[in-house]
Amino acid sequence: MSSPLASSSNLDGSDDTSPQQKQSKKPKYSRFTQQELPACKPLLTPGIVIGIFALVAVLFIPIGLVSLSASESVVEVIDRYDADCVPNNMHGKELDFIQNSSTNKTCTRRIIIPKTMKSPVHIYYELDNFYQNHRRYVKSRSDKQLLQPSKEAETKICAPEGNTPDGKPIVPCGLIAWSLFNDTYQFSINSGSIQVNKKNIAWASDRSHKFSKDVYPKNFQKGALIGGGKLNESIPLSEQEDLIVWMRTAALPTFRKLYGRIEKDLNANEEITVVIENNYNTYSFGGKKKLVLSTATWIGGKNNFLGVAYLTVGGLCLSLVLAFIVLYLFKPRTLGDPSYLSWNRNPSASTN
């Protein structure tokens, strides 16, 4: 039997374990931790720097010019109508006018086409000072309800527009659907009606993957408060494209949404008569409403920002190229000259 004194530790508490037996706390050597892996260390000579900036300028300036030219070729007509579509006797009482269901809200506008607009001519409505990006507004929807008929009762996240006063679920629920835009536009030229195509105005991915063909509106706009437009309860949500367009919320308080398309050319100087049903309430929050007619090019609608951004970056790079060339020609210096080091330029300061 072993003696109780036989142990790996001495009576004085010291450890006889050899250093080799102890596990070292020193980390293992690694080329990664020691930053010794092969790395690209480019030598930025004046020629390389000038060449890089010149390449960026050569690429960006033509792209900017082409983008700007495409944007300028878009023909766009904008008509703000929210103020003019209020009767003279209701000026200053716009909120009373829009909330009174018995008032006539039909408004006739005339638009002159400045240049020939090739089909299709896109019709947009533009809202200003409408914050669709508000956190509570964006969350006020039930995506499960929009996709599955069996989930129509999942309206908790949609409060206060989740259920009717008697407890029935609202489909689609939430503030986004509740505030659906409901102004309408009818177009005519020389008393001849112009058909507006409202098919395929929503994203195909939204129609296929976010709104089910088996879900139909129920109890919509039958809550305690009436919001915007109403929905046809005999048409599935996947075919309610005005709703689908509206429920793709905008990131900024001023935004446009596609209303439809005119599938015919509009000639220059033609006068279009637009009959507007001014139903949507923007007066309570100081918003603006505009009707927009626009053509499109490969770059989309009228937007000069992309072209100006490319030209700005390209012009800045070109300016730097010229500045570096002048500096290199009139004040060159030898590459890697140690005399430019701070301790060589001021040796007295380095010795103190």
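Start with the open sheet: select strands 1, 9, 3, 7 and 6, the order in which these 5 strands lie, with antiparallel pairing. Strands here are DSSP E runs of at least two residues, and helices are H or I runs of at least four, numbered from the N terminus; two strands count as paired if DSSP finds at least two bridges between them. Strands of a sheet pair through backbone hydrogen bonds, either parallel or antiparallel. Colour strand 1 (76–80) and strand 6 (196–197) separately, as these are the edge strands, each pairing on one side only.

A word on what you are looking at: this is a predicted model, where local features need pLDDT of at least 70 and side-chain atom pairs count only at pLDDT 80 or more, while totals for chains, interfaces and linings use all residues. Residues are numbered from 1 along each chain as its sequence is written, and side-chain values use heavy atoms, with hydrogens and water left out.

**Stop 1: strand 7**

Now select residues 255–262, which are strand 7. Is this strand largely enclosed or open? Strand 7 is largely enclosed by the rest of the structure, because 7 of its 8 residues are buried, where buried means under 20% relative accessible area, exposed over 50%, and partly exposed in between (1.4 Å probe, protein chains only). Add strand 3 (residues 121–128), which runs antiparallel to strand 7 and is joined to it by 7 bridges. To see one of these pairs, pick Leu 127 and its bridge partner Phe 255. Then turn to strand 6, which pairs with strand 7 in the antiparallel sense over 2 bridges; here Val 196 stands opposite Ile 262.

**Stop 2: strands 2 and 8**

Next, show strand 2 (residues 106–112) with its side chains. Which residues point to the buried face? Cys 107, Arg 109 and Ile 111 do, while Thr 106, Thr 108, Arg 110 and Ile 112 point to the other face and are not buried. Bring in strand 8 (residues 271–277), the antiparallel partner of strand 2 over 7 bridges. Across from Arg 109 you will find Val 274.

**Stop 3: around helix 4**

Move on to helix 4 (residues 143–147) and click on Gln 145. This residue is buried, with a relative accessible area of 1%. Not counting residues up to four places away in sequence, Gln 145 touches several others, including Lys 151, Glu 152, Ile 170, Cys 173 and Val 215; contact means heavy atoms within 4.5 Å.

Step back to Ser 142, in the loop between helix 3 (135–139) and helix 4. Ser 142 is buried too, at a relative accessible area of 6%. Outside its neighbours within four places in sequence, Ser 142 is in contact with Glu 154, Ile 157, Cys 158 and Cys 173. If you like distances, draw one from the C-alpha of Ser 142 to that of Glu 152: 8.7 Å, for residues 10 apart along the chain.

**Last stop: the whole protein**

Zoom out to see 10 helices and 9 strands. The protein is more spread out than a compact globule, because its radius of gyration is 35 Å, well over the 20 Å that the globule rule gives for 352 residues. That radius is taken over C-alpha atoms, and the rule is 2.2 Å times the number of residues to the power 0.38. Along the principal axes, the C-alpha atoms fill a box of roughly 100 × 85 × 40 Å. Colouring by burial will pick out 32% of the 352 residues as buried.
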